[in-house]
Amino acid sequence: MDSSPSSVVSELEGALLKDPDPFAYFMLVAFEASGLVRFALLLLLWPLIRLMEVMGMGEAGLKLMIFVAVAGVRESEIESVARAVLPKFYMDDLDMEAWKVFSSYDKRVVVTKTPRIFVERFVKEHLRADEVVGTELAVNRFGLATGFVKSQNITSHINERVSNMFEDEPPSAGLGSPSSVFASVLSVCTEQIYPPFITNQRQDNSVVLRPLPVIFHDGRLVKLPTPSTALLIILWMPLGILLAVIRISIGLILPMWAIPYVSRLFGGKVLVKGKPPRPAAPGNAGVLFVCTHRTLMDPVVLSTVLGRRIPAVTYSISRLSEILSPIPTVRLTRIRHVDAEKIKRELSHGDLVVCPEGTTCREPFLLRFSGLFAELTDRIVPVAMNYRVGFFHATTARGWKGLDPIFFFMNPRPVYEVTFLNQLPTEATCSSGKSPHDVANYVQRILAATLGFECTNFTRKDKYRVLAGNDGTVSYTSLVDQLKMVVSTFKPFFH
């Protein structure tokens, strides 16, 4: 049996990824790294790009996409989008059978016509590739992408680089399409493997292989912006802004008990399961609702379901979000003894909402629960919160947090699911001698089981380090500055 290390060269588009067309990922970069104007411009040029491909000018079309998507954008901002936004969409399009074949080799190389900076992090961290060979962007001395590439002939340059990697011995296998632009590289491989892919017999079938999951994800767009989806988003945006203004006004003006009835007229929907506890009698300590944290709207929706304004503990939300909030907020300092006194004081006056993850998580995972809440009361009611939106995510790590509620209400039919679990029995609380850590872990497990999520030990700091490169501390700019940000963001739709 040959014991020499095996190697594989795989094309990304059309092999590891099911879709051979990278256009939608350029749209993502245009939207997240630059904004709506560049997003719309690239969509406007899509018919021309397609025509160039049909006429055999695919490389010229690729260069046009690159120029429009990144010209004048800071390289660091492109890297940020590649780190925080693109991996989720790449993972959704991953061909698992192709990846299983790819991962069964010792040395793994990926070739792509997409700029290397777009895909390198995803391919190396999640697909466990050793090398990535792709288009190289030209960057000026100010750190801005010029929109041009470093080589005149992209395909020839990539093929040459891969050939140089395997000067001594050709790759054991090549994954890709027979009509691929990288066909010359794949042809020198000992074995060519074309779609549909079948798991390699060399692989130990008793071992269940999975790529590293995407736990943290950022960006505003829910769906991959294919041309049709992108057009729908742009057409919806002006109506969505108007709808958001109406919905937010309803929450600020109407009494809490009336909001569920009126919000249905404007497309909102809340699904409630379980039986919420009765309000605490005057003078008695309140219940602590311990919620999973999906969006900034979690405590607001909970108050709407209960028909009364319940104060919510906040860790780091913008001043604008506090102003727009229809419920009282209690800002924590992250100084443990100070925060404990604040929570105790609020509970002595009535019910309180806390999200012990400390930040939101979009994917089906729960971050580590802080044990502080378990130290302060035995009247703990776990609440499983989840939501569904069609166009825009209502959370961000890289962008302006003040826009979170606005983006949530811009969705055509936002749906929230609220599941009340039973109040923890005394034997499951700190009164029975359990540590706060054990109680927090227990609450995390039962909430994860209710939602079908997985528990993790990641914290908010882990999330912000991955997505934003910081510890998640919010810079509290003035309300005027944040309103200026809102206006500048949506200004193109009012010309």
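This is a short talk through some helices, loops and cavities of one predicted model.

Okay, hi everyone. Keep in mind throughout that we're looking at a prediction.

Let's start with a helix, α15, which runs over residues 336-349. That's 14 residues, and from the first C-alpha to the last it reaches 20 Å, close to the 20 Å expected at 1.5 Å a residue. Now, which residues of α15 are buried? They are Asp-339, Ala-340, Ile-343 and Leu-347. Looking down the axis of α15, those buried residues fall within an arc of 105°, so they line one face of the helix. If you like the general picture, an α-helix has 3.6 residues a turn, so residues three or four places apart point the same way.

And what do the buried residues of α15 pack against? Two of the partners are β9, at 288-291, and β10, at 312-314. The others are β12, at 352-354, and α16, at 372-376. On the face of α15 turned away from that buried side, you'll find the exposed residues His-337 and His-349. Right after the helix comes Gly-350, and its phi is positive, near 155°.

Now go back along the chain to α2, residues 36-44. Its buried residues are Leu-36, Arg-38, Phe-39, Leu-42 and Leu-43. They cover an arc of only 165° around the axis, which puts them on the same side of α2. Turned away from that side are two exposed residues, Val-37 and Leu-44.

While we're on α2, let me bring in Val-68, which sits in helix α4, residues 58-70. Is Val-68 buried or exposed? Its relative accessibility is 9%, so Val-68 counts as buried. Leaving aside neighbours within four places in sequence, Val-68 is in contact with Arg-38, Leu-41, Leu-42 and Leu-45. You'll recognise Arg-38 and Leu-42 from the buried residues of α2. As for Leu-45, it is 23 residues from Val-68 along the chain, with 9.0 Å between their C-alpha atoms.

Next up, the loops. Pro-196 is in the loop between β7, residues 191-193, and α11. A cis peptide bond joins Pro-195 and Pro-196, with omega at about -5°.

Pro-211 is also in the loop between β7 and α11. With a relative accessible area of 10%, Pro-211 is buried. What does Pro-211 touch, once we skip residues up to four places away in sequence? Met-91, Leu-94, Met-96 and Trp-99 are among them, and so are His-126, Leu-127 and Arg-128. For a contrast, take Asn-284: Pro-211 and Asn-284 are 73 residues apart in sequence, and their C-alpha atoms are 51 Å apart in space.

Let's stay with Arg-128 for a second. That residue is in the loop between α8, residues 116-125, and β3, residues 131-135. Its phi is near 60°, a positive value in a residue other than glycine. At 38% relative accessibility, Arg-128 counts as partly exposed.

Now for the empty space. The general idea is that rolling a probe the size of a water molecule over the atoms shows where empty space is left. How many cavities of 30 Å³ or more are there? The count comes to 3.

The largest cavity has a volume of about 810 Å³. It is lined by 50 residues, and Leu-296, Met-297, Val-300, Val-301 and Pro-405 lie nearest its centre. By class, that lining has 29 nonpolar, 15 polar and 6 charged residues. Which helix gives the most to the lining of the largest cavity? That's α11, residues 227-253, with 5 residues.

The second largest cavity has a volume of about 60 Å³. Its lining includes Ile-215, Phe-216, His-217 and Asp-218, and also Thr-360, Cys-361 and Arg-362. Thr-395, Thr-396, Lys-463 and Leu-467 belong to the lining too. Here the split is 4 nonpolar, 4 polar and 3 charged residues.

One last residue: Lys-461, in helix α19, residues 460-467. At 42% relative accessibility, Lys-461 counts as partly exposed. Lys-461 and Thr-359 are 102 residues apart in sequence, yet their C-alpha atoms are 9.1 Å apart in space.

That's my tour, thanks for listening.

Note on methods:
Residues are numbered from 1 along each chain as its sequence is written. This is a predicted model: local features need pLDDT of at least 70, side-chain atom pairs count only at pLDDT 80 or more; totals for chains, interfaces and linings use all residues. Side-chain values use heavy atoms; hydrogens and water are left out. Helices (H or I, at least four residues) and strands (E, at least two) are DSSP runs, numbered from the N terminus. The expected span of a helix is 1.5 Å times one less than its number of residues. Buried means under 20% relative accessible area, exposed over 50%, partly exposed in between (1.4 Å probe, protein chains only). The arc is that of the directions from the helix axis to the C-beta atoms. Contact means heavy atoms within 4.5 Å. On a 1 Å grid over the protein atoms alone, a cavity is a set of points where a 1.4 Å probe fits but cannot get out, and a pocket is an open set with protein on both sides within 12 Å along at least five of seven lines; lining residues have an atom within 4 Å of a point. Grid points are joined across faces, edges and corners, and a volume is the space filled by probe spheres set on the points. Ala, Val, Leu, Ile, Met, Phe, Trp, Tyr, Cys and Pro count as nonpolar, Asp, Glu, Lys and Arg as charged, and the others, Gly among them, as polar.
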